[in-house]
Amino acid sequence: MAKDRIEDFLSRKHRETLVVVSLFIVLALVLTWPLALRLHRSIPGDTGDPCLNTWIMSWGARTIFTSPTRFFQANIMYPSRDVLVYSEHLFTMALLSAPIYALSRNPVLAYNILVLLGLVVSAFGCYLLVRELTGSRWAALVSGFFFAFCSYKFSQLTHIQIMFSAFLPLAVLYELRYLQDGRRRHLILFGLFLLAQSLSSWHYLVFCYLVSGLMFLWWAFFSRSRADWARLGGVAAALLAVLVLTTPFALPYLRAHARLPAFERGMREIKMFSAQFSDYFSAYEGNALYFKGFSPFRPLTTANERALFPGLAVVVLALLGLAWTAGESKGGGRRTGRAERYLPAFFLLLAALSLMLTLGPEAGSRRNFLYLVPYWMGVLRFIRVPARFHVVFVLALAVLAGYGVALITGRVGRGKGGRRALRLWGAVLLAVVLAENINLPVSMAEVPTGRQVPQVYRWLAEQGEARIIELPTEPWGELHRYDRQLEFYPADPPAYSAREGLRVYYTTYHWKQTANGYSGYFPYHYNRIFYEMQGFPSIRSLELLRGLGITHVLWDWRMVPAEKVGEYRERLLSLPGTDLLADFGEQWVLAVGTGETATLDDLEVEAVVPAKILPGRPFNMGISVTNTSNFPLVISDEEMQEFRLLFLDGEGKTVLQSEGEYLAPFFLQAGEGQALTLRSEKAPSLPGLYTLRIILEGGVLGGREFTRTLEVGEMPVSEDPSHVDGKVEFLGANPIRIPVTDGLFYLSFRVTNSGDTYLISARRTREEEVENRKGLVYLAVKFEGDGPPWEEQRSTLPCDLAPGQTAVLPTLFRPPGTPGRYRVLVSFTNEGFRWFGEVLVLEVEVGEGI
């Protein structure tokens, strides 16, 4: 008899599981409509981030089992290395999608199945968690639905690294079970689910440790017995073990952080993507009730990262859940100790903490130390969008709402209507929460697969070793400065990401190395290459490609204006050093021939320092490099180069040492020079004459040492100037002939500080220069002439300039995009871009040649 009862219980439990999972599968298919009709040929959203994530998952599925050491050495953004670290590695999703990808060879199908799987498992995991906490199926259904299918999750359908929360509630469930009963099986499952979710993205590693760590502290606060502390020790061991297992995935990111400038999220960017309190009243633009319908919760902006309104019903249910905490003493889940008895208060605390973290560095007008402290510790420096902590808020809110549903259905079930009333109220509450979170139809983007993929990519797959670049790109925007710290700045970012995301996706059909790419970080080399390529086809752009080792150019005629097709056809066919290798109608393949290049021995290197600096203050100097050969030089080393400074007094004693880093030169044509900025955060505090030893300690220019004499003393500074004046001379022939429109072009000037004020040339970082422009002085260039208005451009001085000092400034400028004759005005400019000094006038002719 007992055996029959056990079997009956198990069969009922399995039936419940089957029914619940089936319900969530149906909801996933219906609420993502029309995804189910297009699993093999469309992706939710656009061809930007979803195509990038499809490529990441396909790359992982391809390398995890065959060449795991190449996992981070992905094929885009050549010649950069470890490029997978520029985005989330999505290891868990890649692992889960590998069988689908191996069987179907359809990256889109594998991606879409993971999207649906993430929704279903997220819902079922939260269902199990709330079922455990409340004992109520209806509470679990409402919570599971909200956690997986809330509008915020649909706002993140283009970001599978945020949407895929499948294992987070399961990790919480098994941590809770282990803390309750101490069973080893539960500890192992907690560790496995924690590891799986943590390896889905770095965001979730932080989210998981926030939830699990807070649960650990909560339990520790209420623990009294030795058994409790032993279980806490088991949880601590699991947390530590998962950290150890994720370390090999973290090391490439740490290496990239050490060697790449700005490989972290700065405060300016973080504040831009931080939530405001008002965002919790902003509905997602896809929500049928609160955005598309009549509602006071329509947002003033459609920034989906910050559309955080969860719906009225779930908030009311969560508040009722708190009442259940205070007044409901029976039923529900197991509550044997104080830690368990007050678990709803734990989830309230979790909701409050995660809400504060969504606000980023500032909560209203005050500093948010809950965010700033872990940011200063380095834990949050990789998170660009603090609003994504809303995922944790949604989990906490879902559980609290489950308590609220349990309160209502529990009391109704004990009333007159009994089980029928319970089911009715449960169904009504589920229907209300569902109605608040309908986001149909889901926007879909068609993505070619299989034989629909353009023929050129299938042709590439049959070729041998090749390195490619796809041109033209979407236009790049007006950056105004092209001499250093080049930023990623397309004219139309959504159009650029959609185009480049699709090109990244197409590499899954040939896996050749490509200079193209799209990711969460854009290194200097990538930005420089594609600003240069705005002038392709030209001798200059071809020499850069040849120096990089690019073997094929894929030219897309669909991106050339109809009136320009004839011109570009002539330029492409007449470009020396290239051959038309294949014609696929809308796309050409050009073979790039080899050619001689310069070497590091051909570089002439000199130090440029201010003649006089201010006591105890940071200052900027430079290294001037010139390619003295007749051939182009390309240096693809991304590592920051180290230097050391020694200040010696009149007796030859070292009174101060300083260290720093600089970026190596990248591309120099024959005769071209570049000024590399070196910054010292220290200067001697006592006035006088000093000998400065500049030691380049490694990298491409390592082994060189320079000695200069400089004075330290007081003088007016450009932050609070006395008299500013200057003179500029052009070191070349006037008029200037620039063969092609757009791209970059080299010019060299001699600049003189004719005033009595010390001119500051740079700050420590680009972010600091934007936030504190006061006192910065640049060389300014303005084009006037035949074409439409062109950007006023600026160039960094070769070093801080003391009064009366003269220095040579080699630099790059961006020619106008329209052919014609121009007058070019050149002078100095300071903050607010007010010009001063003599204005040099040059004549420039911009052509349509090569």
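**Exercise 1.** In this predicted model, classify Phe193 as buried or exposed from its relative accessible area, and characterise the aromatic pair to which Phe193 belongs.

*Solution.* Step 1: The relative accessible area of Phe193 is 19%; buried means under 20%, so Phe193 is buried. Step 2: The structure holds 52 aromatic pairs, and one of them joins Phe193 to Phe167. Step 3: A pair of aromatic rings is described by the distance of the centres and the angle of the planes. For Phe167 and Phe193 these values are 5.9 Å and 20°, and the pair is stacked. Step 4: Phe167 belongs to the loop between helix H7 (160-163) and H8, whereas Phe193 lies in helix H9 (residues 184-198); the pair thus links distant parts of the chain, 26 residues apart. Step 5: Phe167 is also buried, at 14% relative accessibility.

**Exercise 2.** Determine the geometry of the pair Tyr457 and Tyr506.

*Solution.* Step 1: The ring centres are 4.5 Å apart and the planes stand at 20°. Step 2: Planes under 30 degrees apart count as stacked, so the pair of Tyr457 and Tyr506 is stacked. Step 3: Tyr457 in helix H19 (residues 455-461) and Tyr506 in helix H20 (residues 493-506) are 49 residues apart. Step 4: Tyr457 is buried at 2% relative accessible area, and Tyr506 is buried at 7%.

**Exercise 3.** Describe the surroundings of Asp181.

*Solution.* Step 1: Asp181 is part of helix H8 (residues 168-181) and is partly exposed, with a relative accessible area of 26%. Step 2: Not counting residues up to four places away in sequence, Asp181 touches His186 and Arg231. Step 3: The side chains of Asp181 and His186 make a polar contact at 3.0 Å.

How values were computed
Residues are numbered from 1 along each chain as its sequence is written. This is a predicted model: local features need pLDDT of at least 70, side-chain atom pairs count only at pLDDT 80 or more; totals for chains, interfaces and linings use all residues. Side-chain values use heavy atoms; hydrogens and water are left out. Helices (H or I, at least four residues) and strands (E, at least two) are DSSP runs, numbered from the N terminus. Buried means under 20% relative accessible area, exposed over 50%, partly exposed in between (1.4 Å probe, protein chains only). Contact means heavy atoms within 4.5 Å. A polar contact is a pair of N or O atoms within 3.5 Å; within protein, one must be able to donate a hydrogen and the other to accept it, and residues adjacent in sequence count only if both atoms are side-chain atoms. Rings of Phe, Tyr and Trp (its six-membered ring) pair if their centres lie within 6.5 Å; planes under 30 degrees apart count as stacked, over 60 as edge-to-face and the rest as tilted.
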